[in-house]
Amino acid sequence: PTLIDTLAVLDMPASNAQLNAVDLDVDAIKHLTDLLIETQGGVFLRASASQFARANMSDAELVQAHANCLGILDFRVKLTTSVRERRFFHCIGAGAAEAAAQEALALFEHYRIEERPRAAVQLFERAASARAMLPSAYIFVSWAHLMLGDIDQAEFFLSRFYPHEPFKAAWAAGIRAEICKARGDRDGALAAIAEAIAALEGAEADAAGIDRNELLRQTLVYRQDHARIRQYLFRDYETAASEYAALLNEWRNQPGADVEVAVIMRNYQECLRSMSKSHGDRLWEEARHMLNAAWEHLDAYRETTIAAEVCYEMSKFAEEDGDLNRASRLLADAENIAAKSGSLMLHAIIRSRRFWANGSYDHEKWEEISANLSAYADHGWPIRTLLKGRLRAAKRLLDLREHDLALTQLKANLDTLVQHPAFTEGS
C-alpha cells in the first residue's frame, strides 16, 4: 500500500533506484502489473488506480506519501524549476514547512531569472504555511506585482521587506525607483537609484563573502539606470553623457566585459544623438561611431538582447541617411535576433517600428502589435512606443474616416497616461 500511495501522489515515473532510496518494496512491482505502466524512466500508476488510492488514503498515509516523494526527488534528480515546483508541493503536503520555505526561495530566484512574475505571486499564495520562514519573499512578490503593473501591491510588499545584504538592498531600492517612475516622481526615482548604488558601493569596503565581480556588474547596472533617469526623465543630456563617459572609461579595458561595454555604448550614443543639433554634426557622427564600436564588441554575442538593440539603433541611422533598404534589412535582423534571444518585449517594439515603416495601415495587425506592447506595462520603452503608435494609428484612422476607431486609440492613450503620469510630458 505504501508503494501505491507514493506513486499516486508522485504522479510521475519513478525508477527502482529512486524507490529503493526511500525503502519502498520494489519486489512488489511484479505483483502490480495491472496497476502500473512501465516506461524507460521507471514505473507510474495508472490514472484510475491513482484516483482510487488518493481517495482512500488517511491523512497520515498522505503525509507519508508526500515525504516519500521528497526522498525520490532527492535521488539523482536535476533540480530544474519544474522539479522544484514538485518538491515544494510535496514539502507542503508532508508538513515540512522549513523545507518548503527553502524550496520556495529557490523557486522565487528561478522565477525572477525566467521573468515569470505571475508564477511568483501564485507561489506566495500557496506558501501560506511557510510564510513565517520567508521574510525575504516579500521583495520577490513586490517585484512580481511591479512586473504585472500592480504598483500599489508592489509598494505594499516592498514596505514589508527588510534587506540584510547589499544585493537585496540595492534591488529593493531599484524597485522603489520603478514605483516612483510609474507615479511620475522623477526625483524619488533618482534618489532611490542613488540609494541602490550606495548599497553596493558601501559593500566594497568589507567584501568578505561577496562576489566582487558580481558587485561591480550590479553597480554598473544601477549607475546606468541613474544616467538613464537623467536622460529620459530629466532630459539632462549633458549630465547623463558625463555619467556614461565615466562608465565607459572604467569598463572599456576590463577583460571579458564586451557585453557591458556594448550596453554602455548603446545608451551613450542615444544620449549623444539627443544632444545633436542636426544630422551629420559632430555629436551625431560620434554617436554613429560609438554604435558601430558596440556592434564590434558583440562579435561573439550576436544572438543576445543587446545585439538586437544595437542592430535596431543602427537601422535608425540608416533611415536618417536615407538608405531605406539598409534600414529595413537591419530592422529585420534586429527582429530575428530579438526572437532568438527570447526578448519578447524588444521583439514587440521592433515589430511596431517595422509596421510603421511599411507605409500601409492594417488596423487588425496594429491591434495585435499594440496588445503585445501593452503586456509590458511596467517598462517605459514599450509604453512610449505604444503611446506614439496609437497617436499614429488615430491619424491614419481619421484619414480613413474611421472616427470611432480613432477615438478608441486616443482614449486608450489617456488611460495609459493616467496609469503612467511620468509619460505625460511630450505626449
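**Group meeting: a walk through a helical model**

Okay, let's start at the N terminus: helix H1, residues 2-10, has seven of its nine residues buried, so H1 is largely enclosed by the rest of the structure. Buried here means under 20% relative accessible area, exposed means over 50%, and partly exposed is in between, with a 1.4 Å probe and protein chains only. Helices are DSSP runs of H or I with at least four residues, strands are E runs of at least two, and both are numbered from the N terminus.

Before going on, the small print: this is a predicted model, where local features need pLDDT of at least 70, side-chain atom pairs count only at pLDDT 80 or more, and totals for chains, interfaces and linings use all residues. Residues are numbered from 1 along each chain as its sequence is written, and side-chain values use heavy atoms, with hydrogens and water left out.

Back to H1. The buried ones are Leu3, Asp5, Thr6, Leu7, Ala8, Val9 and Leu10. What do the buried residues of H1 pack against? Quite a list: helix H2 (16-21), strand S1 (36-39), strand S2 (42-45), helix H3 (47-56), helix H4 (59-72) and helix H5 (81-94). Contact, by the way, means heavy atoms within 4.5 Å. Right after H1 comes aspartate 11, with a positive phi near 55 degrees.

Serine 50 gives us a view of H1 from the other side of that packing. Serine 50 sits in helix H3 and counts as buried, at 12% relative accessibility. If you skip neighbours within four places in sequence, serine 50 touches Ala8 and Leu45. Its C-alpha is also 7.9 Å from that of aspartate 5, although the two are 45 residues apart along the chain.

Now zoom out. The protein chain has 21 helices and two strands, and its C-alpha trace spans about 85 × 60 × 40 Å along the principal axes. Of its 427 residues, 45% count as buried. Take the contacts between residues at least 6 apart in sequence, and 57% of them join residues at least 24 apart. The accessible surface, by Shrake-Rupley with a 1.4 Å probe and, for residues, only the protein chains shown as cover, is about 21,900 Å², with 49% of that belonging to carbon and sulfur atoms.

For the electrostatics people: there are 48 positive and 62 negative side chains, and the centres of the two sets lie 4 Å apart. That takes Lys and Arg as positive and Asp and Glu as negative, leaving out His and the chain ends, with each charge placed at NZ of Lys, CZ of Arg, CG of Asp or CD of Glu.

Next, aromatics. Rings of Phe, Tyr and Trp (the six-membered ring for Trp) pair if their centres lie within 6.5 Å; planes under 30 degrees apart are stacked, over 60 edge-to-face, and the rest tilted. That rule gives 14 aromatic pairs. Take phenylalanine 140 and tryptophan 171: the ring centres are 5.2 Å apart with planes at 70 degrees, so this one is edge-to-face. The pair ties together distant parts of the chain, with phenylalanine 140 in helix H8 (residues 137-147) and tryptophan 171 in helix H10 (residues 166-182), 31 residues apart. Both phenylalanine 140 and tryptophan 171 are buried.

Then there's tryptophan 284 with phenylalanine 317, also edge-to-face because the planes are at 65 degrees, with centres 5.2 Å apart. Here helix H15 (residues 282-297) supplies tryptophan 284 and helix H16 (residues 305-320) supplies phenylalanine 317, 33 residues apart. Tryptophan 284 is buried at 9% relative accessibility, and phenylalanine 317 is buried at 4%. Also, Phe124, Tyr138, Phe156 and Phe157 form one aromatic cluster.

How many disulfides are there? Zero, going by cysteine sulfur pairs within 2.5 Å. For cysteine 91, the closest cysteine sulfur is in cysteine 69, 11 Å away, so that's too far for a bond. Cysteine 91 is buried at 1%, and cysteine 311 is buried at 2%.

Last stop, backbone oddities. Most residues other than glycine have a negative phi. Glutamate 115, though, has a positive phi near 55 degrees; glutamate 115 is in the loop between helix H6 (97-114) and helix H7 (117-126), and is exposed at 58%. Arginine 235 also has a positive phi, near 55 degrees, and is found in the loop between helix H12 (212-232) and helix H13 (237-251). Is arginine 235 exposed or partly exposed? Partly exposed, at 44% relative accessibility.
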